[in-house]
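Work through the exercises below with the model open. Try each task before reading its solution.

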Amino acid sequence: MSSFPEQELNAELARFPADAEVRWVQEEPENHGAWLFVGPHVQRLANRPVEHISRSQASAPAVASARRHTGEQKQLVASAFH
């Protein structure tokens, strides 16, 4: 039994045209969020390329600078909705 919610994701994907763009967006750095686990599942179920948008890989989940965090956050949102 898989811990991945395949039925729920299939139901969500079915709400959109088959050629709709699919993006996985996470605030965490690429190596801290769920992408490494869910990426292969999402790509298989979507049956199309899935764009992954996140902060760059990092040793810590926080950048330790409010200015840098704000800049990265703006970039993430802009990339998610481009």
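**Exercise 1: Layout**

Trace the elements from the N terminus and write down their order.

Solution. The elements run α-β-α-β-α. That gives three helices and two strands. This is a predicted model, so check confidence next. The chain averages a pLDDT of 91. Helix H1 (residues 6-13) has the highest mean, 96. Helix H3 (residues 66-80) has the lowest, 92.

**Exercise 2: A bridge between strands**

Find the salt bridge between glutamate 51 and arginine 23, and state which elements hold the two residues.

Solution. Start with the distance: N to O is 3.0 Å, and the cut-off is 4 Å. Next, place the residues. Glutamate 51 is in strand S2 (residues 50-55), and arginine 23 is in strand S1 (residues 22-29). They are 28 residues apart, so the pair links distant parts of the chain. Now look at exposure. Glutamate 51 is partly exposed at 36%, and arginine 23 is partly exposed at 26%. Finally, widen the view: Glu21, Arg23 and Glu51 form a network of salt bridges.

**Exercise 3: Buried or exposed?**

Classify both partners of the salt bridge between glutamate 72 and arginine 55.

Solution. The closest N and O atoms are 2.5 Å apart. Glutamate 72 lies in helix H3 and arginine 55 in strand S2, so the bridge ties together parts 17 residues apart in sequence. Arginine 55 has 9% relative accessibility; buried means under 20%, so arginine 55 is buried. Glutamate 72, at 21%, counts as partly exposed.

How values were computed: Residues are numbered from 1 along each chain as its sequence is written. This is a predicted model: local features need pLDDT of at least 70, side-chain atom pairs count only at pLDDT 80 or more; totals for chains, interfaces and linings use all residues. Side-chain values use heavy atoms; hydrogens and water are left out. Helices (H or I, at least four residues) and strands (E, at least two) are DSSP runs, numbered from the N terminus. pLDDT is the predictor's confidence in each residue, from 0 to 100. A salt bridge is a side-chain nitrogen of Lys or Arg within 4 Å of a carboxyl oxygen of Asp or Glu. Buried means under 20% relative accessible area, exposed over 50%, partly exposed in between (1.4 Å probe, protein chains only).
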